[in-house]
Amino acid sequence: MEKIIELKDVCKSYDLGKVKIDVLKNINLSISKRDFALILGPSGSGKSTLLNMVSCLDVPTKGNIFLEGEDVSKFSEDELAMVRGKKIGFVFQQFNLLTHLTALENVILPTVFQGVSREESEKRAKELLSSVGLEKRIKHRPMELSGGERQRVAIARSLTNNPEIIVADEPTGNVDSKTGKIIMDILTDLNKKGRTVIVVTHDTDLRKFSSRVIKIKDGEIEPEK
Ligand SMILES: Nc1ncnc2c1ncn2[C@@H]1O[C@H](COP(=O)(O)OP(=O)(O)O)[C@@H](O)[C@H]1O
Ligand SMILES: [Mg+2]
């Protein structure tokens with residue numbers, strides 16, 4: 001399968017004055033189109049840092065990151081933002097919804113600066129919310145929704161710009177295990193429909209959802225079996 005993301009000798013360090021922390025150490029990793037990759041590791045192992053590199057939220061200290069063949073490792077903030085807006089949908093542990101907006105408005109939000117008409121945005125947002133089973137919740141604000149429903153709104157929002165890649169950082173971290181399964185089933189379904197999905201977690205129970213488990217420990221990737 002064609003590679004969609006490739007990391008070559010990626011290092012990330014933080015310079016905190018007197019001390020320098022090497023968070024990622026020489027990571028070599030490639031993700032193929034339509035992979036469902038689970039990045040598994042204990043707390044503090046560097047998962048979020050790695051996902052931030054993979055999803056153009058941050059750039060490495062050393063090494064190269066290729067996204068569909070294009071080296072994004074030295075991109076500026078603006079260039080990274082452009083790539084993210086076009087290619088990547090984000091799902092976070094804390095949902096990151098805007099509390100004063102309804103589910104529908106949260107899902108519409110990413111289109112506001114894209115020159116799409118309100119009518120069209122609203123139609124698409126309704127379809128996306130229906131696709132995650134929330135057609136009866138579109139007028140609700142996050143406070144009026146359960147954790148699982150909030151995460152489903154966040155998934156719908158991540159799909160607004162029709163990204164090829166979905167990244168999820170501990171997407172089941174704030175929901176119970178039954179709801180976690182619902183979230184993982186939705187991500188599995190999106191993967192079956194052709195999207196590349198990358199999930200980061202410390203929860204070994206999520207292994208069963210993925211065909212590919214990438215283990216990270218102390219900022220290093222373990223060889224895959
Ligand atoms: N901005 C930062 N500045 C300094 N250290 C950081 C920063 N971000 C993360 N770290 C450190 O990098 C390590 C890995 O963090 P993180 O990627 O968040 O791990 P995980 O997501 O696996 O829990 C931790 O020791 C953390 O303290
Ligand atoms: Mg993390």
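A residue counts as buried if 20 or more other C-beta atoms lie within 10 Å of its own, as exposed if 12 or fewer do, and as partly exposed in between; C-beta atoms are placed from the backbone. The model is predicted: local features need pLDDT of at least 70, side-chain atom pairs count only at pLDDT 80 or more, and totals for chains, interfaces and linings use all residues. Residues are numbered from 1 along each chain as its sequence is written, while chains are lettered from A and ligands numbered from 1 in the order in which they are written.

**Exercise 1. Decide how enclosed strands S6 and S3 are.**

Step 1. Helices (H or I, at least four residues) and strands (E, at least two) are DSSP runs, numbered from the N terminus. S6 covers residues 88–92.
Step 2. Of its 5 residues, 4 are buried, so S6 is largely enclosed by the rest of the structure.
Step 3. Turn to S3, residues 36–40. Here 5 of the 5 residues are buried, so S3 too is largely enclosed by the rest of the structure.
Step 4. Sort the S3 side chains. Phe36, Leu38 and Leu40 point one way. Ala37 and Ile39 point the other way.

**Exercise 2. Describe the protein as a whole.**

Step 1. Count the elements: 6 helices and 10 strands.
Step 2. Take the extent. The C-alpha trace spans about 50 × 40 × 40 Å along its principal axes.
Step 3. Test the radius of gyration, which is taken over C-alpha atoms; the globule rule is 2.2 Å times the number of residues to the power 0.38. For 225 residues a compact globule would come near 17 Å, and the protein has 18 Å, which agrees.
Step 4. Look inside. Buried residues make up 40% of the 225.
Step 5. Check the contacts (C-beta atoms, placed from the backbone, within 7 Å). Among contacts with a separation of 6 or more, 70% join residues 24 or more positions apart.

**Exercise 3. Lay out the sheet of 6 strands.**

Step 1. Strands of a sheet pair through backbone hydrogen bonds, either parallel or antiparallel. Two strands count as paired if DSSP finds at least two bridges between them.
Step 2. The order is S6-S7-S8-S3-S9-S10, in an open sheet with mixed pairing.
Step 3. Find the edges. S6 and S10 (220–221) each have a single partner strand, so one side of each is left without a neighbour in the sheet.
Step 4. Go through some pairs. S6 runs parallel to S7 (residues 165–169), joined by 5 bridges. In this pair Val91 stands opposite Ala168. S3 and S8 (residues 196–201) are parallel over 5 bridges. Leu40 has Thr201 as its bridge partner in S8.
Step 5. Add the helix. H1 packs on this sheet and touches S3, S7, S8 and S9 (212–217). Its direction makes about 160° with that of S8. Axes are lines fitted to C-alpha atoms, for helices over the stretch in contact, and angles run from 0 to 180 degrees between N-to-C directions.

**Exercise 4. Lay out the sheet of 4 strands.**

Step 1. The order is S2-S1-S4-S5, an open sheet with antiparallel pairing.
Step 2. S2 and S5 (70–71) stand at the edges with a single partner strand each, so one side of each is left without a neighbour in the sheet.
Step 3. S4 (residues 62–67) joins S5 through 2 bridges. Leu67 stands opposite Glu70 in S5.
Step 4. Place H1 here as well. H1 lies across S1 (3–16), S2 and S4, at about 125° to S1.

**Exercise 5. Find what surrounds ligand 1.**

Step 1. A residue is in the shell if its C-beta atom, placed from the backbone, lies within 6 Å. The shell includes Tyr14, Ile21, Val23, Gly46, Lys47, Ser48 and Thr49.
Step 2. S2 (19–32) and H1 (47–54) each supply at least two shell residues. The largest share, 3 residues, comes from H1.
Step 3. Sort the shell: 3 nonpolar, 7 polar and 1 charged. Ala, Val, Leu, Ile, Met, Phe, Trp, Tyr, Cys and Pro count as nonpolar, Asp, Glu, Lys and Arg as charged, and the others, Gly among them, as polar.
Step 4. Check how covered H1 is. Of its 8 residues, 6 are buried, Lys47 and Thr49 among them.

Note on methods
Two residues are in contact if their C-beta atoms, placed from the backbone, lie within 7 Å.
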